[in-house]
Amino acid sequence: MQTNASLFAKLNPVIKGSGLFLIMFALIATTDWVKTLVFLGLAIGLLLLSGWGPIDFLKRLAPYSLLFVLTFWMMAAFGKGTDTIWSFGWFHVTTESTMHGWLLALRMATFVCLSLAFVTTTDATQFVMSLIHQTKLSPRFAYGFLAGIRFLPQLIEEVRVLRQVRMIRNVRSRFPGDAFLSIGLPLFTRSIQRAERMAIAMEARHFSAERTYYEIPEVSRRDIMYLLAIVSFICLIFLL
Amino acid sequence: MITVDDLSIRYPGQMKSVLDHVSLTIEQGTTLLLGRSGSGKTTLLHALAGLTPETIEVEQTGTVTRSGSVGVLFQNPEEQFCMETIGREIAFSLENRSIPSAEMEERIERLLALVGLPLPFSTPIASLSGGMKQRLALAAVLALEPTILLLDEPTAQIDPIGQHELMALIFQIQKEHDLTIVLIEHQLDVCLPYVDQVVLLEDGAITETAHPRDLFPHAYVRLQAKGIAVPSLFPYTIETLPAGPQAARLFAPPPVVTAGTPLLHVSELSTKAPYPLTRATFSLQTGEWVMVLGANGSGKSTLLATLGRLLPQRGTYQFRNRPAHRYSKRRFYEQVGYIFQQPDLQFLKLTVEAEIDWSHRVATSDERKALLDRLELTSVKQQSPLALSTGQQRRLSVATMLGQAKDLLLLDEPTFGQDGLTTERLIEQLQTEQQHGTTLVMATHDMELVARYAHRVLVMEQGQIVFDGRPNELFADIALLTRCQLQRPLCYQRQEVHHIANERIPVR
Amino acid sequence: MQHWKMKEIMVMMMLAVACGVIYLGWSTLWLPMSAIFGPVGANWMFGIWIIASPLVAAIIQKPGAALIAEVVAAAVELFTGSHFGLSALLIGVCQGLGAELVFAMTRYRRYDAWTLMLSGVGAAVGSIVYSLIANGFSYYTTTTLLATIGLQLISGALLGGLLAWILVRRLVATGVLSGFAAGRAKREVA
């Protein structure tokens, strides 16, 4: 998750995220694929405000076209309906299921665009600071979370080594979940030991909820306007 | 100043006390806590820091009184950081102390300059070297403005060059800020010159308190026999070192090289970015002990991983006269073993016994029992490998790859962060294999090992092999050593001095 | 609200993040498995994605552990810049709530195999409720719907709850949990 210099990045992270969740809830409440298409347009608009040029946009989302088709197909072929268009074996395509297919695929595409707008314009640390100040998240949990996230690259590396060891020592999975247990035990043991040492180190540095803050994200007028704009847009769509 | 009065500490669930009625006064200056692993020194340090009995839950009797505030620096810099960037990390300490945010920027800048890291605040911590990370951790501790600094093996996870830099920095800061220091260290040559008082701990009790010069060299043999860390040179230098047990330890007979048969050949072997390996070309014989040297990031691990077929590669790799990729994975790993740096990632089974049984399936049960005895793991054979101490884990992880008549063993820094005793035993294990004809390719930082055991040395720099030859040729090339941040081993320097001294005599 | 020790918070966060990493890896198998078992059949994989809740709850044994663990594990997807980050977070909340409710019903005192399996079922229920509302489950044919729900419930119990229970027992055997609720019972016996 990183941030950039776009307009969207200037918003308070929690407010920004809340606005996006509002759109997502509105989408979930929509059963009309035309309205969903309009929301998709909004999402793309937000992406453009996030510093995305149209070419980057198409390049980044090209891999998702497969998923888009699959989502459409899953519903179209397995959804219920009475007006059959085509049928073969397990598959059963009807006009209703096709409509629902479009609805879900477009909804998924919109979710992807919204997520993309968020993760490319938000700094992880800023986001957590915003959670502390805007949603009153306990600093002990917030900083604990940040400390945990720090280890993502190391964890990925450890999983890689664990899998290599299994290959070198010729170990096969005997049942589903076998690999999880085999890799999970050393991975989680290390994580627990690491967590204990981190907790000691943090307390040795006098970590507590009583503290000052290096940076305090604020809610500005721009953020309020953003929220109002989104709420208005949603109401407009539903009234039409 | 810290006063400890009749302190006893016991960990919950254990029968024996780790610290037994210990009394001690820490005054101004630098105190070193010395003892074997398990002697209680880390627990004592934690008690001095005030981490027991609450933060670290123990049963404690007796008192610890402090005047002044305490800061603690732990071994592993990675496990002390919560944030992504260097500025934010120091800010974390300042936040903890409730420093007003307006003052923070200036303090952070001052602290970064103090530890020699004048970099932008947004520099990611992940981009720093091990030594730099530990210096950042030091800055974060100093941000708390302690009057007493406690250090738990601060150089354990750092390469040799970084160790000297770190120690020099710590003691410079001590002088400038008049700090009291209590230290646990195994690299004694690096720190003893600065130490005022050595406190010797054995089995949870203090057996001796003395100035380093009063302790070394006269207690040298006694301490070494008990497995306690001893300095290689202190209080002497290479030139002034007299004949005796310290000098004897520095004498290294050169390794015996017997001719072998060709085992593998690589030509123009490269990997894709981001792994740095470019156009490696060399051949190895059976029974050869090759050590791979180079600064961090120079490509040592990549070379090993490539030889172990763990990375996609271009170029030629012939193993026993057949292209390596023609072997099935199973056949290949029957002949090639790989030992990663972290032992606890290499265990498969739930007990030590099962682990040995799995890797030594062809051995008889008597042979396996004998192996457990040799590894000194019989008493823990029913325990999980993950519950063992680091030294025990190290022995076990190496053992799982040995005794199977593998042609090639690839080892990624197997002795890093280990004390002398564990290293010695590990080398014994490896020597047995090598004498049976196994080729060993070992990445390492330990120049003493290179001098004593390596038949051949490969030095890497930015993915390329810049030296391929015998150790003594390498040690003569000062320019190369400096460029690649390598030091000459003490035993080699010793031999040189000896050699020069002997040459002078006929002239006189 | 019970008081959490810093080491409990850290263990929860570290384990949840580790689970998040495993979830990401497991997700890469979804497409190949769909090709083999069909998109409905591949739902047997479901349980792994909710394992953070029973795992952390059984170790820490405090209210909120199950919910926070699953949300944090889902947040890993967000924080690695995934394009499904926001919806993953929503699903994580529903799954975590489902598991948390089961532990609440047993008053946070029972963490045996059956309770963990039930929490896996709870998480699956949470997920199914979300999918009914947001993923158009209600538009599926009855057969498809029942098959999917059935597979998710069973997978939640076995590949989620039961697997977590086995793992926690093995973790206790390594001695690494001696400072936590899960390890304390063993210590007292020993």
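Let's start inside this predicted model, at helix α7 of chain A, whose buried residues are covered by parts of two chains: the cover includes α6 (124–134), α8 (152–168) and α9 (178–204) of chain A, along with α1 (6–27) and α4 (65–79) of chain C. How many of the residues of α7(A) are buried? The helix spans residues 139–149, and 9 of its 11 residues are buried, which makes α7(A) mostly covered. If you would like to find them on screen, the buried set holds the aromatic names A:Phe141, A:Tyr143 and A:Phe145. It also holds A:Pro139, then A:Gly144, and the run A:Leu146, A:Ala147, A:Gly148 and A:Ile149.

Since chain C helps to cover that helix, the contact between chains A and C is a natural next stop. Here 52 residues of chain A meet 43 residues of chain C. On the chain A side, two or more residues come from each of α1 (13–29), α4 (64–78), α5 (95–119), α7, α8 and α9. Which of these gives the most? That is α9(A), with 17 residues. Sorted by class, the side of chain A that touches chain C has 37 nonpolar, 10 polar and 5 charged residues.

Now turn to chain C itself. Its secondary structure is quickly told: 8 helices and 0 strands, so to speak one helix after another from the N terminus on, α-α-α-α-α-α-α-α. Along the principal axes, the C-alpha atoms of chain C fill a box of roughly 55 × 35 × 30 Å. Why does chain C pass as a compact globule by its radius of gyration? A compact globule of 190 residues would have a value near 16 Å, and chain C has 16 Å, so the two agree. Of the 190 residues in chain C, 61% are buried. Contacts within the chain also reach across the sequence: of those between residues at least 6 apart, 73% join residues at least 24 apart.

Finally, look at where chain B joins chain A. In this contact, 37 residues of chain B touch 36 residues of chain A. On the chain B side, α2 (86–96), α3 (101–114) and α11 (329–335) each supply at least two residues. The most comes from α2(B), which gives 5 residues. By class, the side of chain B that touches chain A has 22 nonpolar, 7 polar and 8 charged residues.

Notes:
Residues numbered from 1 in each chain as written. Chains lettered and ligands numbered in written order. Predicted model: local features only at pLDDT ≥ 70, side-chain atom pairs only at ≥ 80, totals over all residues. Buried ≥ 20, exposed ≤ 12 C-beta atoms within 10 Å, placed from the backbone. Helix = DSSP H or I, 4+ residues; strand = E, 2+ residues; numbered from the N terminus. Contact = placed C-beta atoms within 7 Å. Rg over C-alpha atoms; globule rule 2.2 N^0.38 Å. Nonpolar A, V, L, I, M, F, W, Y, C, P; charged D, E, K, R; others polar.
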